[in-house]
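This report describes the architecture of a two-chain structure, with attention to its interface, its sheets and its annotated domains.

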Amino acid sequence: MFSAPDSYPIDLPTFHSEINLPYTLTPGRAAGIFLAEVKNRRIVASRFASGQVVAPAQDFSSTNGEEPEAFVEAPQTGVLTAFTRVDGHVIGFIRLDGCDNDFAHRILAELDDIAIGQRVEAEWDDSVEQSVLAIKGFRIAPDAPVGTVKPLETMEEPLGVIPYAMKLDYEHAYGPYYGRMFDEIRENGRFMGVRSPGSDIALLPPREIDDVTHGRTGTWKACADTGTIRGCSIINMEVYGQTRKVPYVYAEIVLDGASTRMIHVIEIDSLEEAKERIKPGTRVRAVWTQGERQGRVSDIERFEVIEG
Amino acid sequence: MALSKVGVVATAQTEFRPAWNNAQHIDLISSVVTSVFKGSGLTIDDVDFIIDSGSDVLDGRSISNCGFLGALGAHHKEEARVEEDGLWAALYGVNKIRAGSSSVGLIVAYSKPSESNVDLYWNAQVEPFYQRPVGFGQRAANGIMAQRYLADSGLSSRDLADLVADRWAAAAASGKVSIDALPDADAVLAAKEGAAPLTELMFARPVDGAVAVLIAREDIARRVSRNPAFITGMGTSMDTHSVAAREAGRLSSAATAAAMAYRNAGWTSADADIAEISGSSVIGELLAIEALGLAAAGKGLSATRDGKVAINRSGGALPADPIMATGLVRLAEASRQLSQPETSSGGAPSRAIVHGAGGVGMQNNCVFTLEV
């Protein structure tokens, strides 16, 4: 390392963070019809002008981008062409009878009991709808007759949207500079920055390398918990992910002794009054939370305007 | 006007560790960006542009490079992010210099998978209607590739474990990778199942770290660096997203990328002295060796032994896979082996093949040729 991390051993825990993203996935026509048709116990496939049949159905060929000429019904039997086991689940590639691609799905058998070339057939799960998991998996069926691809005369309307959520957990390391900054907030209730190269003004949050000059930063410096608003916006619209009730003020505050803007909030009662009082240049002070500090920016509950 | 030739002036990398618990991304990044200039005579002021690679999903923030600009030295500079392995960032940078629009570029890639869940990172790349629900992801793709490869090649799990153990030993000898307990082949075989027939240790191990590579137009590279390695060929190719629809038993897109790079270079794999190759698993590495023309199909393992081309003297990606930086680390390793043969005991190689990969089941591949 350039200098720091190994020379400042720290025993801070990591900072836990979660990202929860809600989605409404749009499956499109092919996957939409496939997912709508599972309730009819049908496996929808795409047939291309070349005569190739691909299951599950696709709106485009994954190899040449061609659009299918028709949706068809694939048989529920086929041959195992490859397999593995992940976290106890056997997953395989299945070449459905009459189809020209491999369908990745669960294999309902123990790894030791299966082999390439074995006949398999779909097993349905009545409790699942609108999902590829309505097919619970494929079970070994040595005597299953060879099925054929059939035309699909009528079909369900494609599903429009599918609700989906992705949740991601993180354990962020603080590093030596953020580590000390949050330590100081927790232990001493003060904001410590580091001096810009060749200057007495502090960078907050502190860092090893100055963003502008890419030179090494200087010594530590305590900043005040009072400062000046340098940019702000009154938030009066509710949006997903907000942690406070509107209205409030989002403010970029330069603490006394620092050169960098810190983002925090100012609570307000009246929009009209806020418009008058809160603007660039307004002096503010931190209002610390009651009780034990956690070593987080949220140890400051909010900022408030310094009257007069 | 002819295209400019581009050389690697200097490289820097952090140690690769399972977890850099006491460093943030910016600490790792600023470390390599500061170190890469040492002894070169150049400074950040000489850099015309910065191209960086990392993953927003792994980093846990959107457009994460925005928060890392200062550490990257990119303040008020031209900066671009490549959301793919750092070898593609280098490809982008080399082309900028070749085209004549710039003369010195800094390529940076970093990774902190320890802060995240690597399985979820790969799941996020998988098709959400048909594949994600059944649990088909990076591990399943590699397991299926391995099951097919073993059946076709006649190799055993023990053969794979021997290669994995060799790779870890090479990485330990390099001193650039943190390894608590060096696994032998028995330990590789005894590790928990990753995706049958692969054990967890047969997969590339995610590690934290950063790498920086300083590249420059030929005249500057020759002035600054004693013996710069020049990038004489580059190729890149992406396969279809559906793993099931790809050619079985062969990394076709790696072969296409290699053909492109060798055509530029005017030589082929048989003429190379060294190769630094990525692989998401030991099977991925063997398939890449074969796709790059270093061995016939199913014979990748013997190419790692016969010594004609020294493959992955650094240990490669199996003991140290800083996801999104792995291919750029291969470039850094290969360029050092060419430019500073004194620092590694492998004679005086003059030609290297470098390979990077991205995506589930190594969908995307990039190949460079280097020469001194």
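The sections below treat the annotated regions, the contact between the chains, and selected elements of each chain.

## Model and annotated domains

The structure is a predicted model. For chain B, an unreviewed UniProt entry places the feature "domain: Thiolase C-terminal" at residues 235–365. Over residues 235–365 of chain B, helix accounts for 32% and strand for 15%, and the end C-alpha atoms are 8 Å apart.

For chain A, UniProt lists "domain: ChsH2 C-terminal OB-fold" at residues 220–288, again from an unreviewed entry. This span of chain A is 10% helix and 51% strand, with its end C-alpha atoms 22 Å apart.

## Contact between the chains

The contact draws 47 residues from chain B and 51 residues from chain A. On the side of chain B that touches chain A, α1 (25–35), α3 (65–72), α6 (138–153) and β5 (193–195) each supply at least two residues. Of these, α6(B) gives the most, with seven residues. By residue type, this side of chain B comprises 21 nonpolar, 21 polar and five charged residues.

## Helix α6 of chain B

For the 16 residues of α6(B), a rise of 1.5 Å a residue predicts a span of 22 Å, and the end C-alpha atoms are indeed 22 Å apart. Gly154(B), which follows α6(B), has a positive phi near 80°.

The buried residues of α6(B) are Gln138(B), Arg139(B), Ala140(B), Ala141(B), Asn142(B), Gly143(B), Ile144(B), Met145(B), Ala146(B), Gln147(B) and Tyr149(B). Their cover includes elements of both chains: β5 (77–86) and β6 (89–96) of chain A, together with α5 (118–123), β5, β6 (198–199) and α11 (282–291) of chain B.

## Strands of chain A that cover the helix

The two chain A strands named above, β5(A) and β6(A), pair in the antiparallel sense over eight bridges, with Gly78(A) as the bridge partner of Leu96(A) in β6(A). They form a hairpin with two residues between them, and Asp87(A) in the turn has a positive phi of about 50°.

Strand β6(A) is also joined by four bridges to the antiparallel strand β7 (residues 103–106) of chain A, where Ile91(A) stands opposite Arg106(A). The hairpin of β6(A) and β7(A) has six residues between the strands, and Gly98(A) there takes a positive phi near 80°. Six of the eight residues of β6(A) are buried, so this strand is largely enclosed by the rest of the structure.

## The ten-stranded sheet of chain B

Chain B contains an open sheet of 10 strands with mixed pairing, in the order β3-β2-β4-β7-β1-β8-β12-β11-β9-β10. Because β3 (78–82) and β10 (310–311) of chain B each have a single partner strand, they stand at the edges, and one side of each is left without a neighbour in the sheet. At the β3(B) edge, five bridges join this strand to the parallel strand β2 (residues 49–53) of chain B, and Phe49(B) stands opposite Glu78(B).

Within the sheet, β12(B) pairs in the antiparallel sense with β8(B) over eight bridges, and likewise with β11(B) over eight bridges. Met238(B) is opposite Asn364(B) of β12(B), while His355(B) is opposite Val367(B). The hairpin of β11(B) and β12(B) has five residues between the strands, with Gly359(B) at a positive phi near 90°.

Eight of the eight residues of β12(B) are buried, so the strand is largely enclosed by the rest of the structure. In a regular strand, side chains alternate between the two faces of the sheet. Both faces of β12(B) are covered: Asn364(B), Cys366(B), Phe368(B) and Leu370(B) are buried on one side, and Asn365(B), Val367(B), Thr369(B) and Glu371(B) on the other.

## Helix α13 of chain B

Helix α13 (residues 326–339) of chain B lies across eight strands listed as β1 (6–13), β2, β4 (104–111), β7 (209–217), β8 (229–238), β9 (274–276), β11 (351–358) and β12 (364–371), and runs at about 170° to β11(B).

Helix α4 (residues 86–98) of chain B packs against α13(B) at an angle of about 65°, with the axes 5 Å apart. Gly86(B), Leu87(B), Ala89(B) and Ala90(B) of α4(B) meet Gly327(B), Leu328(B) and Leu331(B) of α13(B). The residues of this contact are five nonpolar and two polar, with no charged residue.

## A buried alanine in chain A

Ala274(A) belongs to helix α3 (residues 271–277) of chain A. With 20 other C-beta atoms within 10 Å, Ala274(A) is buried. Beyond residues up to four places away in sequence, Ala274(A) touches Ile234(A), Val249(A) and Ile268(A). The C-alpha atoms of Ala274(A) and Tyr248(A), 26 residues apart along the chain, are separated by 8.9 Å.

Technical notes. Residues numbered from 1 in each chain as written. Chains lettered and ligands numbered in written order. Predicted model: local features only at pLDDT ≥ 70, side-chain atom pairs only at ≥ 80, totals over all residues. UniProt positions renumbered as here; feature names shortened; annotations may be inferred. Contact = placed C-beta atoms within 7 Å. Nonpolar A, V, L, I, M, F, W, Y, C, P; charged D, E, K, R; others polar. Pairing = 2+ DSSP bridges. Axes fitted to C-alpha atoms, helices over the stretch in contact; angles between N-to-C directions. Expected span 1.5 Å × (residues − 1). Buried ≥ 20, exposed ≤ 12 C-beta atoms within 10 Å, placed from the backbone.
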